[in-house]
Amino acid sequence: MGNKTAVIILAAGLGKRMKSAKAKVLHEVLGKPMILYVLETAMGIAGNNLIVVVGYQAEIVRQKVSEVFEVEFAYQAEQLGTAHAVSCAIPHLPENMENILILCGDVPLISHNTLKNLFEYHIETERDISVLAVNVDDPTGYGRIIMDESGNVSGITEEADATDDEKSIKTINSGIYCVRKEYLLKTINKIKADNVQEEYYLTDIIAIAYNEKKSVGAVVGQCQKEIIGVNSLQDLKMAENFMQYLASEECKTG
């Protein structure tokens with residue numbers, strides 16, 4: 001996509017629902033740690049401009065990743081939320097980057113085409129922030145995409161903080177963003193931990209940008225299965241079931 005784009009991959013968490021002491025991103029899908037799938041896809045967007053944020057079992061994650069890829073690592077000593085993780089990665093970004101793609105290390109099914117569509121939309125529409133969204137039948141547990149009357153994204157509300165009306169929204173946040181580097185650097189420290197979880201949500205950057213009259217848009221992905229975050233053993237099995245399918249056919253929603 002160009003040598004002025006970098007990818008930050010968030011991979012610091014334990015993943016308590018995995019019922020394992022192993023770092024979440026090291027759980028295997030078809031015999032391979034899930035983070036390696038994310039890295040393979042990220043390389044198609046940003047080449048070697050990759051920063052992996054590690055935390056829990058940091059050295060083991062570094063070792064497994066470094067066996068296959070040459071990347072920069074950022075260390076998140078405390079897991080204080082996604083915005084905090086991104087702030088840990090910022091000092092490792094190459095100076096000449098113009099746009100930053102932010103991915104999650106536990107979403108192994110995300111495809112190159114989906115990220116390419118997000119990136120191209122972000123560039124062509126000259127957005128400050130672009131969000132990958134998806135429509136689902138059951139949005140329980142996901143952040144809801146809030147749109148204004150003009151179709152601009154005005155915010156993302158997490159499940160724990162959502163009102164009943166917001167919980168009825170079926171367009172959800174994938175946790176994947178493309179952000180102009182200049183704006184990310186100016187805004188990341190404006191995010192506050194004033195929410196139920198007392199964490200620094202990266203999602204809050206959307207409302208901040210909207211209130212500052214920045215350009216915030218969303219691309220609705222065609223495949224809800226691609227953005228499955230592996231948070232449990234059930235999710236892991238589901239990811240394995242779809243891996244071969246996604247690799248060989250066009251994914252269809254439903």
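These legends accompany several close-up views of a predicted model.

**View 1. The largest pocket and the elements around it.** Here we look into the largest pocket, whose volume is about 1800 Å³. Its lining is made up of 50 residues. If you would like a place to start, Arg17, Lys24, Thr82, Asp106 and Asn231 are the lining residues nearest the pocket centre. Four elements each supply at least two residues of the lining: strand S1 (5-11), helix H3 (82-89), strand S10 (171-180) and helix H8 (233-248). The biggest share comes from S10, which gives 5 residues. Sorted by class, the lining holds 19 nonpolar, 20 polar and 11 charged residues.

**View 2. The largest cavity and its lining.** The count of cavities of 30 Å³ or more comes to 1, and the largest cavity holds about 40 Å³ of space. Around this cavity you will find Ile110, Thr114, Leu132, Ala133, Val134, Gly221, Gln222, Cys223, Glu226 and Ile227. Strand S7 (residues 129-135) gives the most to this lining, with 3 residues. By class, the cavity lining divides into 6 nonpolar residues, 3 polar and 1 charged.

**View 3. Helices H1 and H4 where they cross.** This view shows helix H1 (residues 34-46) and helix H4 (residues 112-124), whose axes come within 9 Å and cross at roughly 35°. The crossing of H1 past H4 is right-handed. On the H1 side, the contact is made by Thr41, Gly44 and Ile45, and H4 brings His112, Leu115 and Lys116 to meet them. Taken by class, this contact has 2 nonpolar, 3 polar and 1 charged residues.

**View 4. Lys19, a loop residue with a positive phi.** Follow the chain to the loop between S1 and strand S2 (28-29), and you will meet Lys19. Most residues other than glycine have a negative phi. Lys19 has a positive phi of about 55°, although it is not a glycine. Lys19 counts as exposed because its relative accessible area is 74%, over the 50% mark.

**View 5. Glu126, between H4 and S7.** The loop that holds Glu126 runs between H4 and S7. Phi of Glu126 is near 55°, again a positive value in a residue other than glycine. With a relative accessibility of 67%, which is over 50%, Glu126 is therefore classed as exposed.

**View 6. Leu30 and its contacts from elsewhere in the chain.** Leu30 sits in the loop between S2 and strand S3 (32-33). Its relative accessibility is 39%, between the 20% and 50% cut-offs, so Leu30 counts as partly exposed. Leaving aside neighbours within four places in sequence, Leu30 touches Tyr37, Glu240, Met243 and Gln244. One of these partners, Met243, is 213 residues from Leu30 in sequence, yet their C-alpha atoms are 8.0 Å apart in space.

**View 7. Lys213 and Ser154.** Lys213 has its place in the loop between helix H7 (204-211) and strand S11 (216-220). At 76% relative accessible area, Lys213 is over the 50% cut-off and so counts as exposed. Look for Ser154 in this view too: Lys213 and Ser154 are 59 residues apart along the chain, and their C-alpha atoms are separated by 9.8 Å.

Terms used. Residues numbered from 1 in each chain as written. Predicted model: local features only at pLDDT ≥ 70, side-chain atom pairs only at ≥ 80, totals over all residues. Heavy atoms only, no water. 1 Å grid on protein atoms, 1.4 Å probe; cavity = no way out; pocket = protein on both sides within 12 Å on 5 of 7 lines; lining within 4 Å. Points joined across faces, edges and corners; volume = space filled by probe spheres on them. Nonpolar A, V, L, I, M, F, W, Y, C, P; charged D, E, K, R; others polar. Buried < 20%, exposed > 50% of the residue type's maximum accessible area, 1.4 Å probe, protein only. Axes fitted to C-alpha atoms, helices over the stretch in contact; angles between N-to-C directions. Left-handed = near helix turned anticlockwise from the far one by under 90°. Contact = heavy atoms within 4.5 Å.
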